[in-house]
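Q: I'd like a close look at one part of this model, the place where the two chains meet, and then a stroll through whatever else can be said around it. Here is what I'm looking at.

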Amino acid sequence: MVHERVMEKLAILADAAKYDVSCSSSNSTRKNKNKGLGDASGNGICHAYTEDGRCVSLLKILLTNHCIFDCAYCVSRKSNDIKRAAFTVQEVVDLTIGFYRRNYIEGLFLSSGIFDNPDYTMERLVRIVKKLRLEENFNGYIHLKAIPGASAELLREAGLYADRLSVNVEMPTEKSLKLLAPDKNHIDVIKPMEFLKEEIVGYNEEKKKNYKTPLFAPAGQSTQMVIGATQENDLEILGMSNYFYEKMNMRRVYYSGYVPISYDNRLPVIGTPVPMIRENRLYQADWLLRFYGFNVNEIVGFDQPNLDLDIDPKLGWALRNLDKFPVDVNTADLELILRIPGIGVSGAHKIVAARKFKRLQPEDLQKLGIAYSRSKYFLAFASPFQLQRDLTSIQIKDHILNTQNSKYKNDFSNQLSLF
Amino acid sequence: MTQVIYDSTFEGWLTAVFEIYEQKFEDVVFAKSEVSNTLLFSERYFVETDLQKAKRVLNGLKQKLSSEGFANIYKAFLSEIDKMDETLFQYVKYIFSSAINVEDDLSNSPVLEVRKAAYLTGRESHRMKAFVRFKLTKDNLYYAIVEPDCDVLPLIEKHFTNRYADQRWLIYDAKRKYGIYYDLENTTSVQLEFNANSNSSQFLAEISDDNEEFFQNLWRQFFKSVNIESRKNTKLHLQHMPKRYWKNLTEKIPNLKK
């Protein structure tokens with residue numbers, strides 16, 4: 001490798017890839033084979049965290065930031081005046097292996113701008129993964145972008161060597177996509193997703209019958225939406241997510257708060273803060289859908305299409321449904337305990353395990369690490385001396401907001417500041 | 001009161017547990033032979049590590065616990081939290097005195113303490129899987145230095161053996177002065193002493209592979225490039241990468257030559 005040039009390319013192409021949020025490296029089943037290099041089974045591992053607190057698990061780069069498209073929200077858009085670069089196939093392979101052997105990473109996340117045409121681009125990406133798997137006997141994690149418009153043959157080949165494939169839907173609605181990415185069609189994104197879903201399901205069925213069936217994208221597929229660049233409400237966004245989870249067997253939907261990078265007047269101006277709180281609330285809602293048994297209609301609806309920014313969506317649901325509370329954790333079903341604000345998935349399981357030994361009291365919950373100050377408004381304890389005061393949902397919300405110490409607190413203060 | 005003195009190994013502690021039951025000691029405190037500060041007014045009892053006895057205690061525990069609960073005892077021991085040997089003994093007494101599995105009885109203090117200690121060790125062993133940074137030497141050895149709070153090498157050995165099956169590597173715990181070494185066939189525990197000059201840049205340049213420094217710089221560059229300045233969140237960064245680990249993390253050590 002020519003040292004200076006590779007260093008420069010890495011700077012450009014890692015910088016260009018960083019707006020892709022996914023850095024997960026879990027959920028694959030690929031094991032070390034024939035005493036080769038790497039093992040992608042087991043939990044994901046974050047090898048480092050950036051100064052903005054995000055996980056660095058994979059060598060996340062673009063093959064090139066040359067692109068024939070001109071999507072307004074994208075830093076690599078054709079009309080943007082930035083430095084361009086492209087890795088060779090061998091350079092990506094050497095970087096991946098060199099980083100992996102030093103335990104810097106769990107594997108490779110490879111995306112690319114679209115140069116020439118989709119098939120040409122996809123073919124290069126596939127060539128890299130093939131080389132890693134077949135020549136280097138590399139069994140680490142590989143997340144590959146499926147380029148919209150690439151042929152079925154290439155996508156299938158990609159699935160045979162990668163652990164995860166993803167196509168970014170980018171915009172929550174077709175209207176926004178048309179507005180900001182005139183070269184792209186919604187259907188171009190949906191089609192490869194459907195194709196991958198069918199293939200993944202097909203290979204899984206086959207695998208059950210014949211264990212020798214090769215792996216096909218064992219860590220499934222994911223997608224990403226840019227949040228806050230356009231006018232969608234949370235109902236539209238979460239509705240889209242729900243569709244992906246239910247209809248596309250999507251493993252993850254990522255939300256990427258728009259980082260202003262353009263003077264384009266269709267977009268928020270440079271200097272507009274990244275909508276980090278909203279992004280955070282969307283992830284919380286996403287978790288409720290996937291792990292807490294919530295239905296999307298319980299979180300957002302036509303009567304309230306946006307998530308509250310000042311409280312989390314689970315507390316929001318509880319305050320709208322006070323008739324479901326108080327709940328006695330000593331007798332309630334796990335599903336109901338999961339719905340109590342301040343109790344998470346592991347907390348709920350701990351409660352169900354610990355209550356076999358004794359009737360749990362408030363101090364027991366505190367010991368278990370439950371956020372009791374938050375959950376107490378929703379809990380019933382059969383103690384004759386404790387009077388349950390009937391608080392309204394507004395009172396509860398005020399109590400909680402006054403006692404919690406959110407880093408966003410200043411953004412929500414009801415008090416007018418004088419100076 | 002009896003002061004039970006063992007050799008600070010897990011097997012030694014298990015032997016001690018066996019003998020406390022055998023000798024019917026009522027009131028015990030544990031002490032490790034390397035730091036045996038004598039207590040006034042107490043009997044001293046020396047334990048000779050006996051693998052047979054250790055195994056009998058382990059078998060007894062295995063029957064009373066789930067596989068996870070069983071593994072947690074070893075993890076809690078490795079946490080090296082002050083007086084964990086005593087807490088663990090309280091826990092073991094509770095386990096043997098009950099007819100049912102008590103590992104989930106988290107409102108009981110020793111049960112909770114042990115669970116917490118096991119969690120701590122578990123978290124740090126996960127972190128070490130992440131924070132080991134191998135450096136390549138001229139004779140093709142990938143070596144890394146770590147200084148974890150808990151004694152986690154026994155817990156991460158398998159992970160690294162599965163993963164780096166085609167390269168020789170050594171992970172050295174500078175705090176406890178021992179390492180695990182994989183020679184392309186087996187992983188073994190090795191005792192060695194690094195000399196004081198081993199951190200001088202001249203020495204490192206002499207032993208390092210020609211491309212080693214380049215890769216370290218590539219990694220630093222990558223780490224810098226993936227950061228998004230407008231989302232800066234130092235609190236979160238520090239929560240995930242506590243400062244005590246920085247001195248062995250390539251990306252957190254500035255390149256002095258630049």
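How much area do chain B and chain A bury between them, and what share of it is on carbon and sulfur atoms?

A: Keep in mind that this is a predicted model. Chain B and chain A bury about 5100 Å² between them, with 59% of that on carbon and sulfur atoms. On the chain B side, the residues that give up the most area to chain A are Arg163(B), Phe222(B) and Arg231(B), and together they make up 15% of what that side buries. As for who takes part, the contact draws 57 residues from chain A and 56 residues from chain B.

Now for the empty spaces. Rolling a probe the size of a water molecule over the atoms shows where empty space is left. Here that turns up three cavities of 30 Å³ or more. The largest cavity holds about 620 Å³ of space. It has 33 lining residues, and the ones closest to its centre are Asp20(A), Tyr73(A), Cys74(A), Asn168(A) and Glu170(A). If you go by class, the lining of this largest cavity splits into 19 nonpolar, nine polar and five charged residues. Helix α1 (3–17) of chain A gives at least two residues to that lining, and so do β7 (221–227) and β8 (252–257) of the same chain.

Those two strands also belong to a sheet, so let's follow them there. In chain A, six strands line up as β3-β4-β5-β6-β7-β8, forming an open sheet with parallel pairing. At the edges sit β3 (58–62) and β8 of chain A, each pairing on one side only. Neighbouring strands in this sheet are turned by 20° against each other on average, direction ignored. Zoom in on β7(A) and you'll find its parallel pairing with β6 (residues 164–166) of chain A, which runs over two bridges. Look there for Ser166(A), which stands opposite Ser222(A) in β7(A).

Over in chain B there's the second largest cavity, with about 70 Å³ of space. Its lining consists of Met128(B), Phe131(B), Ile145(B), Val146(B), Glu147(B), Arg244(B), Tyr245(B), Asn248(B) and Leu249(B). By class, that's six nonpolar, one polar and two charged residues. Helix α5 (109–131) and strand β5 (141–146) of chain B each contribute at least two residues to this lining.

Conventions:
Residues numbered from 1 in each chain as written. Chains lettered and ligands numbered in written order. Predicted model: local features only at pLDDT ≥ 70, side-chain atom pairs only at ≥ 80, totals over all residues. Heavy atoms only, no water. 1 Å grid on protein atoms, 1.4 Å probe; cavity = no way out; pocket = protein on both sides within 12 Å on 5 of 7 lines; lining within 4 Å. Points joined across faces, edges and corners; volume = space filled by probe spheres on them. Helix = DSSP H or I, 4+ residues; strand = E, 2+ residues; numbered from the N terminus. Nonpolar A, V, L, I, M, F, W, Y, C, P; charged D, E, K, R; others polar. Pairing = 2+ DSSP bridges. Axes fitted to C-alpha atoms, helices over the stretch in contact; angles between N-to-C directions. Contact = heavy atoms within 4.5 Å. Buried area = accessible area lost by both parts, 1.4 Å probe.
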